[in-house]
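Colleague: I'm new to this one, could you put it up on the screen and walk me through it?

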Amino acid sequence: MDFTLPPLLTAMVDRGNGLLWGSVLIYLLIGAGLYFTIMTRGIQVRYFGHMFKLLRSSRQSNGGISSFQALSTSLAARVGTGNLAGVAVAIYFGGPGAIFWMWMTAMVGMATSFVESTLAQAYKVDHGDNTFRGGPARYIERGLGLRWLAVLFSICLIIAFGLAFNSVQANSIAQAMEQAFAIPTWAMGLVLMAVVAPIIFGGLKSIARVAELVVPLMALLYLILALVVVALNISDLPAAFMTIIQSAFGLEQAAGGAMGYAISQAIMNGIQRGLFSNEAGMGSAPNAAATASTRPDHPAAQGFIQMLGVFLDTLVICTATAAIIIMAGPELLAGEENNGIQLTQMALSSHVGEWGGMFIAVAILLFAFTSVIANYSYGESNIEYLAGRRAPVAVLIYRLAVLGMVMVGSVASLGAIWNFADLSMGMMAVINLVAILLLSPIAFALFRDYDAQLKAGKEPVFDPSKFPKLIDKVDPNAWPKRK
């Protein structure tokens, strides 16, 4: 079964994606990241150690969703098939140098993630069950007073993350299981529905608990395997690193006169895949960030925690995949069919034997499964925002729709749905980036307040009364006024 769009609509979607992802978003995302980095004087470098210090106390929650659970949920969405197939695509089309530009994208993206997640915390609202809700829709409405723009953002997110991307993730799982274990796609679809249903019907607390258990385990197992591969090829590590650097600046192609083209391909593919992978600035992760009960009791604390998420996703997990592929040797890149997950599977198999392909299939299962439940949670938060008092009925319909899309994704070819989802995600990213650029003075003020208290030897505490632009816009139940 193949889902297609009418030719005219297909042409419009393709043109929109070309405009957004070919020029607008790349410049906007990188430009915003550089601006935030400059204004915070390199927050991702100066506070690198502080991120890990906060991680040690991030499991405290007073019965709600902890900072660690919020981080795990956002990582569940970030760490998906893009960390396996996306890295392979970047290397295949952009050369090993694309990895360098993925690193650079993640570095500036860490500052962007800090800003959007801090804003999500500042404008979060009490949900009445010891948890919170928030994200771009709420800081756009509360901070900018633009309800219509917040509604448009929510619709784009629900289409992209809540429905379309869940179909794509289910498709990746079904295809991988069929290839590795000969499991029919329809059977895998039924299994996925049976496993996903109780988790999403349990609500955001249930999703957070599952993410807290599964995400660290799956990431750790994958990293251990990557370290084994590096250890087996330790003598090749300096050469692999030099290959990345030389390819990033076209030095390998300089003699052949193709230096400019090589650099442009490395930069374009590295930035695009980096943005897809870490989602910094997309407006997705702030939905998870807003749900947390922070420790310390300050919006900036979750900003630092989510900044760590970008680092782990791209600079750690994507680098692990890159090491597996590059150390397998350049001959694997010669096959035209090896431009996605097949490249990762073949590279790992060349290191550890045939079971490497099966391991990647299981990794896809875990990575994509956690992405499904995390993507669902983003959609639920925005469904509740749109539906208001009718949220219970709207959420029930949404849950059934997600389960239906999981089944459809398992058995269908989703090229058209993927392209439409890209357009929706591109639109929500533009909306979110404009919003956080406009609201960035508030994020900077919150950072300075946190920094000042930290340097004074105090545990930072958020006092809304110290911020005239926030005092009337924060939820008093989420952030009670301090005396």
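**Salt bridges, cavities and surface**

Modeller: Let me begin with a pair of charged residues: Arg399 is buried, and Glu380 is buried as well. Please keep in mind that this is a predicted model.

Colleague: What do Arg399 and Glu380 form?

Modeller: Arg399 and Glu380 form a salt bridge, in which the closest N and O atoms are 3.4 Å apart. Arg399 belongs to helix H17 (residues 391-411) while Glu380 belongs to helix H16, so the salt bridge ties together parts that lie 19 residues apart in sequence.

Colleague: How many salt bridges does a search of the whole structure find?

Modeller: The search finds 5 salt bridges. One of them joins Arg133 to Glu384, with 3.0 Å between the closest N and O atoms, and it links distant parts of the chain, since Arg133 sits in strand E2 (residues 132-133) and Glu384 in helix H16 (residues 355-387), 251 residues apart.

Colleague: Are Arg133 and Glu384 buried or exposed?

Modeller: Arg133 and Glu384 are both buried.

Colleague: And which residue does Glu141 meet in a salt bridge?

Modeller: Glu141 meets Arg147, with an N to O distance of 3.5 Å between the side chains. Glu141 has a relative accessible area of 30% and is therefore partly exposed, and Arg147, at 36% relative accessibility, also counts as partly exposed.

Colleague: Which residues of helix H7 are buried, then?

Modeller: In helix H7, which covers residues 136-144, the buried residues are Pro136, Ala137, Arg138, Tyr139, Ile140 and Gly143. Just after H7 comes Gly145, which has a positive phi, near 70 degrees.

Colleague: Changing topic, how many cavities of 30 Å³ or more are there?

Modeller: There are 2 cavities of that size in the whole structure, and the largest cavity has a volume of about 90 Å³. Its lining includes Ile65, Thr73, Asn287, Ser377 and Tyr378, and the elements that give two or more residues to this lining are H10, helix H13 (285-289) and H16. By class, the lining of the largest cavity has 6 nonpolar residues, 5 polar ones and no charged ones.

Colleague: What is the volume of the second largest cavity?

Modeller: The second largest cavity has a volume of about 40 Å³, and among the residues that line it are Leu29, Ile30, Thr105, Val108 and Leu275. Helix H1 (7-39) and H6 are the elements that give two or more residues to this lining, with H6 giving the most, 4 residues.

Colleague: How about pockets: which residues are closest to the centre of the second largest pocket?

Modeller: The second largest pocket holds about 300 Å³ of space, and of the 17 residues that line this pocket, Val230, Leu237, Thr319, Ala320 and Ala323 are the closest to its centre. Helix H6 (97-122), helix H10 (203-232), helix H11 (237-248) and helix H14 (299-326) each give two or more residues to the lining, and H14 gives the most, with 6 residues. The lining of this pocket divides into 16 nonpolar residues, 1 polar residue and no charged residues.

Colleague: Last one, which residues form a nonpolar patch on the surface?

Modeller: Such a patch is formed by Leu217, Leu220, Leu221, Ile224, Val228 and Leu232, which together have about 560 Å² of accessible area. Val228 is found in helix H10, and because its relative accessibility is 39%, Val228 counts as partly exposed.

How values were computed: Residues numbered from 1 in each chain as written. Predicted model: local features only at pLDDT ≥ 70, side-chain atom pairs only at ≥ 80, totals over all residues. Heavy atoms only, no water. 1 Å grid on protein atoms, 1.4 Å probe; cavity = no way out; pocket = protein on both sides within 12 Å on 5 of 7 lines; lining within 4 Å. Points joined across faces, edges and corners; volume = space filled by probe spheres on them. Nonpolar A, V, L, I, M, F, W, Y, C, P; charged D, E, K, R; others polar. Buried < 20%, exposed > 50% of the residue type's maximum accessible area, 1.4 Å probe, protein only. Patch = residues over 30% accessible without salt bridge, like charges linked within 9 Å, V, L, I, M, F, W, Y side chains within 5 Å. Areas by Shrake-Rupley, 256 points an atom, 1.4 Å probe, with all protein chains shown as cover. Salt bridge = Lys/Arg side-chain N within 4 Å of Asp/Glu carboxyl O.
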